[in-house]
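Welcome! Take a moment to turn the model around on your screen before reading on. The paragraphs below will walk you through it step by step.

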Amino acid sequence: MSLRLTSQTAVERTLGLVVLVLLAFGPLIFNDYWVNSILTQALLFGIAAASLIFLSAYGGMISLGQTALMGIAGYIIGNMVTERLPGGESKGLALGWDPTLSLVLAILITTGIGLLLGAVAARSSGIYFLMLTLTYAVIAFYFFGQVTQFGGFSPIAGINQYTPGWVGDILGHPDKLYYIALGTSLAVFAVMRYVVRTPFGISLQGVRDDPVRMSSLGFNVPFHRTLAFGFAAFVASLAGILYVWWDGQVAPGNVGLGTTIELLVMCVIGGLRRVEGAWLGAFAFIVINNYVRNVELPLLGGSFNTIIGLIFLFIVLVSPDGLMGMWSRASKLLEGTGSRRAVETQAAGRGA
Amino acid sequence: MADYALQAARVGLGSARTQPGRFALRALVAGMVLFALLWILVIAEPFPESGLPTWRTTTYGSAVDNPGGFLRILLDAVTFGGLLFIVASGFSLIFGLMRVVNMAHGSFYLLGGYIAYEIQQEMTGQGFFIPGTDVSTWEWVAPLLVAAGSIAVTGLLIQQFLLRWTQGQDLRQALITIAISVVIADQVIAHFPRHVPSGAVQFGGNAVSLTWPGWTDRLVDLHVAGVQYSLARLFMLALGVAMGIVLWLWLHRTRTGMVIRAGVDDRQMTSALGVNIQKTFAIAFVVGSALAAFGAVVGTSQGNVASGQDGQWLLNSLVVVIVGGMGSLGGAALGSLLYALVFTFSAVYLPTTGDNCCTQYSIVLTFALLALVLAFRPQGLFGRVG
């Protein structure tokens with residue numbers, strides 16, 4: 001557990017700094033399409049992916065319910081802020097409430113629902129947890145599709161017209177949304193780094209490693225899992241709100257199995273062990289998504305989804321901990337040539 | 001791993017939840033179930049002939065008012081349970097023995113349904129809508145055999161090439177099968193259905209349906225409350241029950257079944273006793289996959305198959321085995337029945353308010369069922385701990 005900077009962390013910090021500087025001047029460097037579509041989308045999905053990876057890396061729980069929570073936040077905002085148009089048929093409750101109030105309520109309610117869902121799932125772990133949270137996702141999909149008061153199968157649209165005053169007009173100034181997504185991403189990353197160092201974070205990692213020992217030491221295992229799930233729900237709600245601001249609409253498709261799997265693919269591409277992987281995976285997925293759209297595979301045919309499925313399969317088979325895992329192993333290999341530093345790196349890597 | 005966690009969680013809960021709290025929870029649940037039963041039996045009211053619907057208004061009214069409607073819904077539920085059991089027992093078998101959560105089970109269902117449809121279209125040559133009377137038993141059984149066979153082979157290939165060498169890494173295996181389900185879902189849209197009505201545009205993943213054999217295409221008079229009921233649906237239930245009996249006999253009366261049960265209990269010990277557990281795994285995967293296709297043929301004959309149903313059938317299988325308990329045949333049967341009852345009854349007996357004609361709350365009650373069972377028995381009704 002030495003605090004010495006190994007060359008892996010040094011390289012990572014330098015790279016991180018370079019990426020940050022590039023992102024800070026994003027709108028000056030990249031064209032509008034890249035900033036508004038690819039980067040903003042990657043940042044906001046990165047936040048959702050981070051909530052999944054946080055649970056996986058520090059709680060040992062792979063949750064497929066994060067898109068459901070994103071969707072719940074989006075639906076709450078959509079139902080609260082939109083107004084019933086004169087004459088027109090509008091979807092959802094169309095309460096026309098104050099956007100700031102709706103924003104706070106959406107975060108609070110989603111976190112509350114997350115705590116509740118977490119409490120139901122807290123006594124299961126591993127593969128059971130994955131199955132249970134998958135049923136959350138599918139149930140949320142049918143819930144929003146079938147309960148027509150909240151929207152029904154067609155989307156609630158035009159949500160991005162109703163942003164709070166302190167956010168301003170994001171339709172006319174998409175760069176604003178980009179910087180909000182960037183700021184939120186950084187905040188989420190920092191808070192996660194902080195949470196895992198708190199007593200709660202340490203005992204959560206204890207629960208991940210050995211629930212039996214932790215509970216015989218007097219820790220309430222389900223309570224820790226529930227709290228972690230609630231925290232992840234809070235993060236997912238932020239992603240959900242950014243998503244409806246970005247896309248302007250929310251539909252059951254945003255909560256469905258397809259989206260759930262897409263988020264999981266992002267996390268697996270990035271790597272389920274480190275939170276940084278979330279944004280890396282989201283970025284890689286969205287770039288592939290944008291540039292492989294019209295490629296057709298020989299023999300198999302099919303669309304982009306076949307390619308994504310095969311890439312996903314390849315990564316799971318070759319490197320279960322994704323790009324971050326590949327990077328860790330590559331840097332260990334490079335450093336480990338004939339020196340004892342590899343051992344130190346391993347130790348430090350575990351500590352980091 | 002998971003079982004230790006369960007035990008650990010129990011230890012943790014023991015101190016957190018006191019006895020009175022537990023009693024209150026039980027009383028609450030019992031009250032809710034009682035209310036649901038009372039609702040169906042007497043409280044619900046049929047749609048009024050004049051005036052506005054009230055909070056008690058449902059499609060059929062209470063069982064006392066309309067015993068025929070009640071019986072029909074009950075039969076709908078039980079027969080749907082038969083279909084659920086066929087699909088979910090395959091999922092449960094694979095999970096129980098190999099600890100593989102086959103996330104592609106719904107995709108197997110989807111693919112199986114489309115394959116059977118193409119075979120039946122090819123055999124009858126009728127084109128898209130086939131009148132029931134034109135289908136012989138063989139023209140229904142042959143698609144079933146081909147579909148079950150193809151899916152069994154698909155399952156075997158996946159198990160041998162992708163899952164065999166990742167054994168013991170259950171999360172990784174779940175991810176592998178998710179990847180497969182993504183590919184299959186997309187491939188189905190790209191290549192099916194191949195037979196379309198003449199003049200229509202071929203549109204990937206469109207809904208198609210199989211046709212039951214001609215002799216099932218009639219109503220049976222049950223001589224109770226004047227109910228006439230579809231023979232095809234009763235046939236569906238019979239298939240489910242028959243499949244249950246066959247599986248039970250296979251698992252309890254044959255050597256392979258004995259090995260499978262031993263493997264469910266203790267994989268390493270069974271293997272150490274000189275049993276070729278790899279062969280058993282392959283057999284279980286073949287049977288489990290074939291059951292998905294079998295269920296698909298039955299489900300596609302009764303309703304239809306369309307792109308997107310893979311998710312629905314994955315959910316169905318998951319709910320059944322989470323409620324019933326993983327890897328237990330009895331659990332799959334009970335889980336199917338409970339889920340089918342909740343699903344079917346809540347679709348009909350929940351209040352239908354006037355201006356929201358299309359709202360379906362059955363999914364909310366499905367979730368309630370899941371949460372209730374997990375709150376009391378995290379391992380499912382028939383699941384074992386340790």
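The expected span of a helix is 1.5 Å times one less than its number of residues. Keep that rule in mind for helix H10 of chain B, which covers residues 277-302. This helix has 26 residues and reaches 37 Å from its first C-alpha to its last, close to the 38 Å expected. Please remember as you look that this is a predicted model.

Let us stay with H10(B) a little longer. At its start, a side-chain oxygen of B:Asn276 comes to within 3.3 Å of the backbone nitrogen of B:Gln278. As for its surroundings, 20 of the 26 residues of H10(B) are buried, so the helix is largely enclosed by the rest of the structure.

Now step back to take in chain B as a whole. Its secondary structure comes to 13 helices and two strands. Of its 386 residues, 51% count as buried. If you take the contacts in chain B between residues at least 6 apart in sequence, 70% of them join residues at least 24 apart.

Next, look at where the two chains meet. Here 48 residues of chain A are in contact with 55 residues of chain B. The size of an interface is often given as the accessible area lost when the parts come together. Between chain A and chain B the buried area is about 4,600 Å², and carbon and sulfur atoms give 75% of it. The rule finds zero salt bridges across this interface, while the count of residue pairs in polar contact, with both residues at pLDDT 80 or more, is five.

Which elements of chain A give two or more residues to the side that touches chain B? They are helices H5 (99-121), H6 (126-146), H9 (211-216), H10 (221-247), H11 (257-270) and H13 (304-318) of chain A. H6(A) gives the most, with 14 residues. The residues on this side of chain A divide into 32 nonpolar, 14 polar and two charged.

From the interface, move on to helix H12 of chain A, residues 276-291. Its 16 residues reach 23 Å from first C-alpha to last, close to the 22 Å expected at 1.5 Å a residue. The buried residues of H12(A) include A:Trp279, A:Phe285, A:Ile286 and A:Asn289, and A:Gly277, A:Gly281 and A:Ala284 are also among them. What covers the buried residues of this helix includes H3 (32-59), H7 (174-195), H11, H13 and H14 (322-335) of chain A.

Two of those covering helices each hold a serine that is worth finding. The serine in H3 of chain A is A:Ser56. Is A:Ser56 buried or exposed? A:Ser56 counts as buried, because its relative accessibility is 12% and the cut-off for buried is under 20%. Leaving aside residues up to four places away in sequence, A:Ser56 touches A:Met61, A:Ile62 and A:Leu272. With A:Leu272 there is a polar link too: the side chain of A:Ser56 reaches the backbone oxygen of A:Leu272 at 3.0 Å. You can also compare A:Ser56 with A:Gly126, which is 70 residues apart from it in sequence and 9.7 Å apart in space, C-alpha to C-alpha.

The other serine, A:Ser331, lies in helix H14 of chain A. A:Ser331 is buried as well, with a relative accessible area of 6%. Its side chain reaches the backbone oxygen of A:Ser328 at 3.0 Å.

Conventions. Residues numbered from 1 in each chain as written. Chains lettered and ligands numbered in written order. Heavy atoms only, no water. Contact = heavy atoms within 4.5 Å. Buried area = accessible area lost by both parts, 1.4 Å probe. Salt bridge = Lys/Arg side-chain N within 4 Å of Asp/Glu carboxyl O. Polar contact = N/O pair within 3.5 Å; in protein donor to acceptor, adjacent residues only side chain to side chain. Helix = DSSP H or I, 4+ residues; strand = E, 2+ residues; numbered from the N terminus. Nonpolar A, V, L, I, M, F, W, Y, C, P; charged D, E, K, R; others polar. Buried < 20%, exposed > 50% of the residue type's maximum accessible area, 1.4 Å probe, protein only.
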